[in-house]
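Colleague: Could you take me through one part of this model in close-up? I'd like to know what sits around it, and then a bit about the rest.

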Amino acid sequence: MKLKEEKHKSNITGFRSLAPGSSTSQTGFLGSVPLPFPMSHGTTTLAFMFQGGVLAAADTRSSCSGLVACPAARKVLPIHSHLVGTTSGTSADCALWKRILARELRLYQLRHGRRLSTSGAAKLLSHMLHPFKGTELCVAATLCGASFTGPSLVYVCSDGTRLKGTLFSVGSGSPYAYSILDQGVHWGLSVDQATSLAREAVYRATHRDAYSGNCVDIYQVNSKGWTRRTREDLKEEYYREKERRAHERRERQDMTLSE
Amino acid sequence: MALVEVSGLRRFVELRDQILPAGPTPLLHRTGHYTFGAETPEFAVPLGVDPSGFLKSCSRDGGVSIDMNHGTTTLAFKFRHGVIVAVDSRASAGNYLASTNANKVIEINPYLLGTMSGSAADCQHWERLLAKECRLFKLRNNQRISVAAASKLLSNMMLGYRGMGLSMGSMICGWDKEGPGLYYVDENGTRLSGQMFSTGCGNSYAYGVVDSGYREDMTVEEAYELGRRGITHATHRDAYSGGVVNMYHMREDGWIKVCQEDVSELIHRYKKGLF
């Protein structure tokens, strides 16, 4: 048992030196480095399952307590050809752990000749994040994948949560998105309907939440792999909606006049 | 009182003769109305009591904690045919559900409604006091109080106790000479007029739904449906909201109570799949 454990640990080479409290760590580095500024986690990401696979969407605003650090960030990161992850929390932490997960999944694929399932990937990520529980690490990701078992969606958080489900929304704008998704999501949606629903949900969240905004990224994952739509500016959506409302009002006025 | 002397506050009665001409005392300067029955303008809290300090001691992590969260969802929006007010009916005390059919709308008069979110005791007390003041206004001035004035009265009451730990988020809705009126009043004294508000910890869920379905020229039935949906989706996702949807419609000739429907039945109507 001991031999197997040691072999396993040495396979994940970079990982051991990062773990806090291990005998090889030179300083208790996670405990002693102070945070440069208070971290705040502002975003809106969502993902849901339907007959066409899994749809993942996110806004593109990267905020840094009140400053919009980047209006064109990428919060939906592809991990491999059939797995996509949405990220929420600290951008640096999310980017790093996604790359570590991508590396581990590729190594698994090379060693075992097949891809790890989405639930397996989620479990791996959750166990990798476990040593950092209680520190300021903040990663809240939803892994959206389509494997030989079908599409699946798992939510993984650095506080240890790992939930399998059909609809998730993460971030400060998530309550606004949840109510829109609850109204419209069902299994029989077409791809176009699902895309416009996801866009509407992110738009409503960016409308009310100060820490979400700018553009929306939409990815669809199915058995053939992931596809990405061109990034859409939500400002256009705002003007389109105004036009639509004005048009509806004109139509109604015409209807009442003709009656 | 020692504090009154130290702060240099003099009895109003002494100063009044110097400031105002002699004659019958106008309404404003009599004891009672604006000084809550005291001859001297006093501090609102008895000596030796420190409400804000007491409340800070009650929010210690790990120890006894009184969480003044606004555990509810209420929403109200103005449209062409009046104001729709919809509230849930769950009253929670921490994790315990004290009531599943609490009444969170106070009917001030046939033309004014107030919603309650936050501490139930604070809301009920201050809104009943507001109802009293509105009635007195009507008796003294022989006309109904406007929505702006009623919300201003409530806001000033809140400002008098600012920082002392009150918790109240309320919307004052009515129809007066200016048309339909909707004001949001907070325990900090915030007073905002607007087209649509939602308060309570479930407010973000309600905002998503109402923002996407709101049109200024909705029909009355569409507006009822939107109010019901907003509360239903919020109660579905928020743990501190639930019970029934109580909905009122404020019209030109007064308010009517539209419905009282259980959210667990409504959610099955509105949520399509994945159940």
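Modeller: Here is a walk around one helix of chain B, followed by some other spots. Bear in mind that this is a predicted model.

Let's start with helix α6 of chain B, residues 203-213. How many of its eleven residues are buried? Nine are, so the helix is mostly covered, with buried meaning under 20% relative accessible area. Going along the helix, the buried ones are S204(B), Y205(B), A206(B), Y207(B), G208(B), V209(B), V210(B), D211(B) and S212(B).

What do those buried residues pack against? Part of the answer lies in chain A: α6 (174-184), α7 (191-208) and α8 (234-258). The rest comes from chain B itself, with β1 (74-79), β10 (196-199) and α7 (220-237). In other words, the buried residues of α6(B) have packing partners in chain A as well as in chain B.

Staying in chain B, have a look at K138(B), which is found in helix α4, residues 120-141. K138(B) has a relative accessibility of 34%, so it counts as partly exposed. If you leave out residues up to four places away in sequence, K138(B) touches Q143(B) and R144(B). For a sense of distance, K138(B) lies 27 Å from A86(B), C-alpha to C-alpha, with their positions 52 residues apart in sequence.

Now over to chain A. This chain has 259 residues, and 47% of them count as buried. Its secondary structure comes to eight helices and 13 strands. Among contacts in chain A with a separation of 6 or more, 62% are between residues 24 or more positions apart. About 13,600 Å² of chain A is exposed, and carbon and sulfur atoms supply 55% of that area.

One helix pair in chain A deserves a look too: α4 (residues 91-112) and α5 (residues 118-129), whose axes come within 11 Å and cross at roughly 125°. That angle makes α4(A) oblique to α5(A). The crossing of the two helices is right-handed. On the α4(A) side, the contact is made by W97(A), I100(A), L101(A), E104(A) and L105(A). Facing them from α5(A) are A121(A), L124(A), L125(A), M128(A) and L129(A). As for character, the residues of this contact divide into nine nonpolar, one charged and no polar. A general point about spacing helps when you read those two lists: an α-helix has 3.6 residues a turn, so residues three or four places apart point the same way.

Definitions and conventions. Residues are numbered from 1 along each chain as its sequence is written. Chains are lettered from A and ligands numbered from 1 in the order in which they are written. This is a predicted model: local features need pLDDT of at least 70, side-chain atom pairs count only at pLDDT 80 or more; totals for chains, interfaces and linings use all residues. Side-chain values use heavy atoms; hydrogens and water are left out. Helices (H or I, at least four residues) and strands (E, at least two) are DSSP runs, numbered from the N terminus. Buried means under 20% relative accessible area, exposed over 50%, partly exposed in between (1.4 Å probe, protein chains only). Contact means heavy atoms within 4.5 Å. Accessible areas come from the Shrake-Rupley method with a 1.4 Å probe; for residues, only the protein chains shown count as cover. Axes are lines fitted to C-alpha atoms, for helices over the stretch in contact, and angles run from 0 to 180 degrees between N-to-C directions. Angles under 35 degrees count as roughly parallel, over 145 as roughly antiparallel, 65 to 115 as roughly perpendicular and the rest as oblique. A crossing is left-handed if the near helix is turned anticlockwise from the far one by less than a right angle, and right-handed if clockwise. Ala, Val, Leu, Ile, Met, Phe, Trp, Tyr, Cys and Pro count as nonpolar, Asp, Glu, Lys and Arg as charged, and the others, Gly among them, as polar.
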